[in-house]
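Visitor: I'd like a close look at one buried spot in this chain, and then a walk outward from there. Take your time and keep it informal.

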Amino acid sequence: MHKGALVLEGGSLRAMFTAGVLDVLMDGHIWFEYANGVSAGSLCGYGYVARQSGRSRQINETFCGDRRFLGLSNLLRSGGVFNFDFLFGDVCDALYPLDRETFSRSPQKFEAVATDCLTGKPAFFEKGDYSPEEFLTACRASSSMPGLSEIVRLRDVPYLDGGCSCPIAFQRAIDLGYEKVVVVLTRPYGYRKKPYNRPVMDRSFDRLYSRYPALCASLHEMPRRYNRMLGELEALEREGRVFILRPDKPVVVGRLERDAQKLEDLYQDGRRVMLEHLDELMLYLDT
């Protein structure tokens, strides 16, 4: 067990890159004392702590073209483009069962990051503080994209995607005292979000979430916050304070990608990048 932190960005199906990275770590029995995940990163992180190498790859490639899993029609049927009732029901319970027992028994600390709709701030759900089913609900909340998913309630508090307030929770790891922080990103070096049509998007968010003004304020800030975080991470990387694994070429997988071959290619990119930097990573962790 390495006394370091593993921080997993989201990015919906772009997290197939993360799945490739994590499978190499699992196959090499490389475990971090602490990990956190935002959005799709929380789902990949759950599989990492549960020691289920290959599971994220199998699910996404098997079901990306299945409308039970992904499709705009699910907005009407299940409240989100991704049918979480199917994912956290049939898939997790029967088709590709989650190893809840291994997850619960693991000595690793793991947090799923969501956004509290009442405050607009990140909420950190720690494994062990919640029942197994409640923690899966926290992962569901962490992955519920604004405008494309329903708000998720846990203990009577409404939550949405962690990316609304904290897309890359590296500062959380630093605040917890970890000196070795490994960050897995799903965009290549130098990427920055382009400004969206702010008046249109801001009005859309304000209408959709009129009951939650703090959430709206956080949503308005998303592109600037994300770009600011990337700049901070690049500075920390230059100083040797964090170790970053990221795609080394433009990512052509969309958030709602339905092409299984594109997903497989991105997964293999994650494996390749991790293997290429494995010795460097171990040196970083051991010095």
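Guide: Let's start at S165, bearing in mind that this is a predicted model. With a relative accessible area of 7%, S165 falls under the 20% cut-off and therefore counts as buried. You'll find S165 in the loop that runs between strand 6 and helix 8 (170–175). What does S165 touch, once residues up to four places away in sequence are set aside? The list is A114, T115, G120, K121, P122, S218 and R225.

A114 and T115 from that list fall within strand 3 (109–116). Just ahead of strand 3, in the loop that comes from helix 6, sits Q108. Q108 is buried too, because its relative accessibility is 2%, under the 20% limit. Leaving out neighbours within four places in sequence, Q108 is in contact with M1, W31, F32, E33, Y48, V49, R51 and K127. For a sense of scale, the C-alpha atoms of Q108 and R140 are 20 Å apart, with their positions 32 residues apart in the sequence.

Pick Y48 out of Q108's contacts and follow it. Beyond its neighbours within four places in sequence, Y48 is in contact with L6, L22, L25, M26, I30, W31, F32 and Q108. Y48 also belongs to the largest nonpolar core, a set of 67 residues in which L6, L25, Y48 and V182 touch the most other members. Which element gives the most to this core? That would be helix 1 (residues 16–27), with 8 residues. There is also a second, separate core of 21 residues, with C166, A173, V183 and V242 among them. C166 from that second core comes right after S165 in the numbering.

Back to helix 1, which packs against helix 2 (residues 40–49) at an angle of about 15°, their axes being 10 Å apart. An angle under 35 degrees counts as roughly parallel, so helix 1 is roughly parallel to helix 2. The crossing of helix 1 past helix 2 is right-handed. On the helix 1 side, the residues that meet helix 2 are T18, A19, L22, L25 and M26, and on the helix 2 side they are C44, G45, G47 and Y48. Sorted by class, that contact has 6 nonpolar and 3 polar residues, and no charged ones.

The loop leading from strand 1 (2–8) into helix 1 holds S12, and its backbone deserves a glance. Most residues other than glycine have a negative phi. S12, not a glycine, has a positive phi of about 55°. S12 counts as buried because its relative accessibility is 11%. R155 also has a positive phi, near 55°, without being a glycine. But R155, in the loop between strand 5 (152–154) and strand 6 (157–161), is exposed, because its relative accessible area of 52% is over the 50% mark.

K127, another of Q108's contacts, leads to S104. Not counting residues up to four places away in sequence, S104 touches K127 and P132. S104 lies in helix 6 (residues 100–105). Is S104 buried or partly exposed? At 44% relative accessibility, which lies between the 20% and 50% limits, S104 counts as partly exposed. From S104 to G54, the C-alpha separation is 19 Å, and the two are 50 residues apart along the chain.

P132, the other contact of S104, is within helix 7 (residues 132–142), and L136 lies in that helix as well. L136 is buried, because its relative accessibility is 5%. Its contacts, leaving aside neighbours within four places in sequence, are Y46, F88, L98 and R100.

F88 from that set is within helix 5 (residues 84–95), which packs with helix 3 (residues 55–63) at an angle of about 120°, with axes 13 Å apart. That angle is outside the roughly perpendicular range of 65 to 115 degrees and not over 145, and therefore helix 3 and helix 5 are oblique to each other. Here too the crossing is right-handed. Where the two helices meet, R55, I59 and F63 come from helix 3, while F86, L87, V91, C92 and L95 come from helix 5. The contact of helix 3 with helix 5 has 7 nonpolar residues, 1 charged residue and no polar ones.

Methods
This is a predicted model: local features need pLDDT of at least 70, side-chain atom pairs count only at pLDDT 80 or more; totals for chains, interfaces and linings use all residues. Side-chain values use heavy atoms; hydrogens and water are left out. Axes are lines fitted to C-alpha atoms, for helices over the stretch in contact, and angles run from 0 to 180 degrees between N-to-C directions. Helices (H or I, at least four residues) and strands (E, at least two) are DSSP runs, numbered from the N terminus. A crossing is left-handed if the near helix is turned anticlockwise from the far one by less than a right angle, and right-handed if clockwise. Contact means heavy atoms within 4.5 Å. Ala, Val, Leu, Ile, Met, Phe, Trp, Tyr, Cys and Pro count as nonpolar, Asp, Glu, Lys and Arg as charged, and the others, Gly among them, as polar. A nonpolar core is a set of buried Ala, Val, Leu, Ile, Met, Phe, Trp, Tyr and Cys residues joined through side-chain atoms within 4.5 Å. Buried means under 20% relative accessible area, exposed over 50%, partly exposed in between (1.4 Å probe, protein chains only).
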